[in-house]
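Open your viewer and keep the selection box handy. We will walk through the model stop by stop, with something to select at each one.

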Amino acid sequence: MRIVWFAFILLFLVTGCHIQESTPQTITDTVTPYYVSEMKDVPEDTILIENLIDEMDQGTFEYHSGEWGKFVVNPNQREFNRGDVVYIQTPKEELKNQPPYIPETKILRIVGMPGEKLKVKKGQVFVNDLRLDTFYGSARNLGMVEEEYIMWAHENGEDPHRFNDYFHNNIKEITIPQEHYFVIGDNWWRSVDSFKFGPIHKKDIIGTVIGYKK
């Protein structure tokens, strides 16, 4: 009887291990909020800025001053985390190669940390070969993933195949240098970000966006 139970337990452990290995590994971020909150009282040691481009738009013009007012930036917090929305200095070389509407400063989100390897496969971000499973880890349009967008397009008379290539975009793997961060807009196809100019140095991050002021 003991032998039977031992065999059963061994089979259970082996099967369990196999299932665990076959499950895609991910990095999950359940802490980062979808959007920042309104701040009634703005700390004196922060910066109020305007952002008038839609690189972070997820369907309701998030992080656009025309809709939400000015944004509160904390320049004193110099430790950054994945998911942080940061106010950055656009790399000067990028400004030379882009149309004049590209601003010298902008709001983007950190998705890759120093020393990590990052790539995009079929519209999905992978960090160190782990799928970034969060709302900012995959290609979206108006805040919708591909299946949601196709359904929305059919219901609203739009071309459901317009963004096929975008939703299946591939970016070769890069290694992020030390003291650098990979920053992108939540609205990838409207954003000029690390997909175009590469990781940015920590010194080019002016501060973290912590709220908005109407």
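What percentage of the 214 residues of the chain count as buried? In this predicted model, the figure is 43%.

**The whole chain**

Start with a cartoon view of everything. You will be looking at six helices and twelve strands. Switch on a surface, and about 12,600 Å² is exposed, with carbon and sulfur atoms supplying 55% of that area. Now think about contacts between residues with a separation of 6 or more: 68% of them join residues 24 or more positions apart.

**The open sheet**

Next, select the strands E2, E3, E12, E4, E5, E10 and E11. Together they make an open sheet of seven strands, with antiparallel pairing, in the order E2-E3-E12-E4-E5-E10-E11. Which two strands stand at the edges? They are E2 and strand E11 (200-201); each has a single partner strand, so one side of each is left without a neighbour in the sheet.

Zoom in on residues 85-89 and 205-213, which are strands E4 and E12. This pair is antiparallel and runs over three bridges. For one place to look, pick tyrosine 87: its bridge partner in E12 is glycine 207.

**Threonine 208**

Stay in strand E12 and select threonine 208. Is this residue buried or exposed? Threonine 208 counts as buried, because its relative accessibility is 9% and the cut-off for buried is under 20%. Show its surroundings, leaving out residues up to four places away in sequence, and you will find that threonine 208 touches Val72, Val73, Asn74, Gln77, Phe80, Asp84, Val85 and Val86.

**Salt bridges**

Side chains of opposite charge can pair when their charged atoms come close. How many salt bridges does the structure hold? There are eight, and we will visit some of them.

Select glutamate 55 and lysine 106. Their closest N and O atoms are 2.7 Å apart, forming a salt bridge. This pair links distant parts of the chain, 51 residues apart: glutamate 55 is in the loop between strand E2 (47-49) and helix H2 (65-68), while lysine 106 is in strand E5 (residues 105-112). Both glutamate 55 and lysine 106 are buried.

Now move to lysine 40 and glutamate 38, another salt bridge, with 3.5 Å between the closest N and O atoms. Lysine 40 counts as exposed, at 60% relative accessibility, whereas glutamate 38 is partly exposed, with a relative accessible area of 35%.

**Lysine 119 and its surroundings**

For the last stop, select lysine 119 and aspartate 129. They form a salt bridge whose closest N and O atoms are 3.1 Å apart. Here too the pair links distant parts of the chain, ten residues apart: lysine 119 sits in strand E6 (residues 117-121), and aspartate 129 in the loop between strand E7 (124-127) and strand E8 (130-133). Lysine 119 is partly exposed, with a relative accessible area of 23%.

Add glutamate 173, found in strand E9 (residues 171-175). How far apart are glutamate 173 and lysine 119 in space? From C-alpha to C-alpha the distance is 4.2 Å, although the two are 54 residues apart in sequence. Leaving aside residues up to four places away in sequence, glutamate 173 touches Lys117, Leu118, Lys119 and Asp129, so both members of the salt bridge between lysine 119 and aspartate 129 are among its contacts. Glutamate 173 counts as partly exposed, at 40% relative accessibility.

Key: Residues are numbered from 1 along each chain as its sequence is written. This is a predicted model: local features need pLDDT of at least 70, side-chain atom pairs count only at pLDDT 80 or more; totals for chains, interfaces and linings use all residues. Side-chain values use heavy atoms; hydrogens and water are left out. A salt bridge is a side-chain nitrogen of Lys or Arg within 4 Å of a carboxyl oxygen of Asp or Glu. Buried means under 20% relative accessible area, exposed over 50%, partly exposed in between (1.4 Å probe, protein chains only). Helices (H or I, at least four residues) and strands (E, at least two) are DSSP runs, numbered from the N terminus. Two strands pair if DSSP finds at least two bridges between them. Contact means heavy atoms within 4.5 Å. Accessible areas come from the Shrake-Rupley method with a 1.4 Å probe; for residues, only the protein chains shown count as cover.
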